[in-house]
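Grab a pencil and work through the exercises below, one at a time. Try each task yourself before you read its solution.

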Amino acid sequence: MNLQGQLISLGTLGNKEIQRVMRIWVQTLVPPAITMTLYFLIFGTLIGRRIGQMAGFDYMEYIAPGLILMSVITNSYGNVVSSFFSAKYNRHLEEMLVAPMPNWVIVVGHMVGGMVRGLLVGLVVTGIALFFTRLPVHNLFIAVSVIILTSAVFSLGGLINAIFARKFDDVSIIPSFVLAPLTYLGGVFYSVSLLPEFAQQLSLLNPILYMVNAFRFGVLGVSDINIWVAYLIILAFLGGLFTLSLVLIHRGVGIRD
Amino acid sequence: MHALAIRNLVKTYANGVRALDGIDLAVAEGDFFALLGPNGAGKTTAIGIVTSLVNKTSGQVEVFGHSLDTDLAAAKSCLGVVPQEINLNQFDQLDNIVANQAGFYGVPRSEARRRAQEVLEQMQLWDRRDDIARNLSGGMKRRLMIARALVHKPRLLILDEPTAGVDIEIRRSMWEFLREINEQGTTIILTTHYLEEAEKLCRHVGIIDHGKIVANDRMTSILMKLHREIFVLTTREPVVALPLFDEFDVTLLNENELQVEITRNQDLNGLFRMLSGAGISVISMRNKSNRLEEVFFRLTERGGEKQAVQPIAARAS
């Protein structure tokens, strides 16, 4: 298949995945909007008022970037893991496996679907956040690039989860037992400088900490960690997970007998 | 050139089951080929390997000269596959399913839409194009899978049990359609449990059992290997007492039906001469069972019967 054919197959898969997000918008776009509204109401307005300021910002303003990124992470991951696993489970993944489209198209096509859903949800949550607080945007390039890269990283994470998943339970194990704790401990609701030294060092092992802080830097101009280290870590995860996805699909792990 | 060439193909699953034990198979371009075998014989595994859905353990597969090992994309471009199990996205619209499949083969969107209409019309599904796959009947889903397999105009179409669970009318129209596209140049490999279907449609037949090819020949040659055939004759008048026929093994099934076993060194003319001599008038005649079915059973069943057809197996190996 020549490059033009490969791009056509990528466009077809990407479009198919985006259509899926739009077709089931009540499942994909509405729930995060409701959840995040509750977060802003309870943590921001009710509890946040008593907390006061953090890193020189109102608590609501401080947590808003983290909440936006949290919804992007959850939805990018969730979209690909459910789309790819249901295609595998119902066997229509075979439509792609029998076709001459290269493996990178399968990976990128699904990643695009996850990113579109994640970023759309991010946009919706940003809109909701603006009802409750202000988002000054310290550096637009950093804010946008970090959110896009993070979305790509977790779309690939969802893809790898789906590749290994054998039953529906396997689809929810990683989000529940790995992703949620890492997100909540990733500095969404607090600055790691509030933690004891040992916990601060431990937090540095959490990749989500770097993403949340890099995005917060883009929006508010404050970060617990060096922004360039954050970029390095995000790009390393992106490269590593992309390569791993390609290898797994090439070997047929979880998708070919 | 062979549409499909398989050499010493072996598949051992992770649980140790050896599904294919070194099969060799060649299907000529333009052929209509039946791949038969009992459940679990290895047919679907072989098709899975050819269509890249199953990883092989060893051996070579070439599709129109393109090796799956070195030229996979070109091999895949030549192939269309209709799997045994329904593998449709149940919540997607018919026209999207088919047009997307064309897109996966690199067909531009406008052309993909045009081709989707063409194949859906051929499969009499165009009126249902806006419906989702889940709402189709079993027969319609099978036709949709055929439409999807044809949308990129494959040179080799592989159908794994395409008419399973399909009513007689649709089955016959599928046969007609498959004959038509075969005449237009598409090579077809078919697996089926309806041996009548294979006998009616296919020019060559391969029989696989326990992961080995036990027969591979022209359909006519395979059928010639039958050492005996059993016919049922219907008589015009009731037969009260059956005369003694020295040369033929004739039994009375009921007052209007006789069963006759004919071996390869006997002929039907002699039988009819004897029947006429006995004053028995025959108005119709049929095989007691499908001829291919007879060969199939003999080749695949265990025990003494298999010995009777050993020459076929020996020749194929």
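Two strands pair if DSSP finds at least two bridges between them. Helices (H or I, at least four residues) and strands (E, at least two) are DSSP runs, numbered from the N terminus. You're looking at a predicted model, where local features need pLDDT of at least 70, side-chain atom pairs count only at pLDDT 80 or more, and totals for chains, interfaces and linings use all residues. Residues are numbered from 1 along each chain as its sequence is written, while chains are lettered from A and ligands numbered from 1 in the order in which they are written.

**Exercise 1: a strand and its neighbours**

Find which residues stand opposite F32(B) and A34(B) in the neighbouring strands.

Step 1. Start with β3 (residues 32-36) and β8 (residues 187-191) of chain B, which pair in the parallel sense over three bridges. Here F32(B) sits opposite I188(B), and A34(B) has L190(B) as its bridge partner.

Step 2. Now go to β9(B), which pairs with β3(B) in the parallel sense over four bridges. In β9(B), the residue opposite A34(B) is V205(B).

Step 3. Zoom out to the whole sheet: it's an open one of six strands, in the order β6-β7-β8-β3-β9-β10 (chain B), with mixed pairing. At the edges are β6 (79-82) and β10 (212-218) of chain B; each has a single partner strand, so one side of each is left without a neighbour in the sheet. Direction ignored, neighbouring strands are turned by 15° against each other on average.

Step 4. Look for a helix on this sheet. Helix α10 (residues 291-300) of chain B packs there and touches β3, β9 (204-209) and β10 of chain B (contact means C-beta atoms, placed from the backbone, within 7 Å). The direction of α10(B) makes about 30° with that of β9(B) (axes are lines fitted to C-alpha atoms, for helices over the stretch in contact, and angles run from 0 to 180 degrees between N-to-C directions).

**Exercise 2: which way do the side chains go?**

Sort the residues of β3(B) by the way they point, and say whether they are buried or exposed.

Step 1. Get the cut-offs straight: a residue is buried if 20 or more other C-beta atoms lie within 10 Å of its own, exposed if 12 or fewer, and partly exposed in between, with C-beta atoms placed from the backbone.

Step 2. Recall the rule that side chains in a regular strand alternate between the two faces of the sheet.

Step 3. Apply it: F32(B), A34(B) and L36(B) point one way, F33(B) and L35(B) point the other way, and all are buried. That's five of the five residues in β3(B), so this strand is mostly covered.

**Exercise 3: a helix tucked inside**

Explain why helix α1 (residues 43-50) of chain B counts as largely enclosed.

Step 1. List the buried residues of α1(B): K43(B), T44(B), T45(B), A46(B), I47(B), G48(B), I49(B) and V50(B).

Step 2. Compare with the helix length: eight of the eight residues are buried, so α1(B) is largely enclosed by the rest of the structure.

**Exercise 4: two odd phi angles**

Compare the surroundings of S52(B) and A55(A).

Step 1. Keep in mind that most residues other than glycine have a negative phi.

Step 2. S52(B) isn't a glycine, yet has a positive phi of about 70°. You'll find S52(B) in the loop between α1 and β4 (58-63) of chain B. S52(B) is buried, with 22 other C-beta atoms within 10 Å.

Step 3. For A55(A), phi is also positive, near 50°. A55(A) belongs to the loop between β1 (53-54) and β2 (57-58) of chain A. With 17 other C-beta atoms within 10 Å, A55(A) is partly exposed.

**Exercise 5: where the chains touch**

Work out how many residues each chain brings to the contact.

Step 1. Chain A supplies 20 residues and chain B supplies 26 residues.

Step 2. On the chain A side, α1 (3-23) and α5 (94-97) are the elements that give two or more residues. The most come from α1(A), with five residues.

Step 3. Sort the chain A side by type: eight nonpolar, six polar and six charged (Ala, Val, Leu, Ile, Met, Phe, Trp, Tyr, Cys and Pro count as nonpolar, Asp, Glu, Lys and Arg as charged, and the others, Gly among them, as polar).

Conventions: Contact = placed C-beta atoms within 7 Å.
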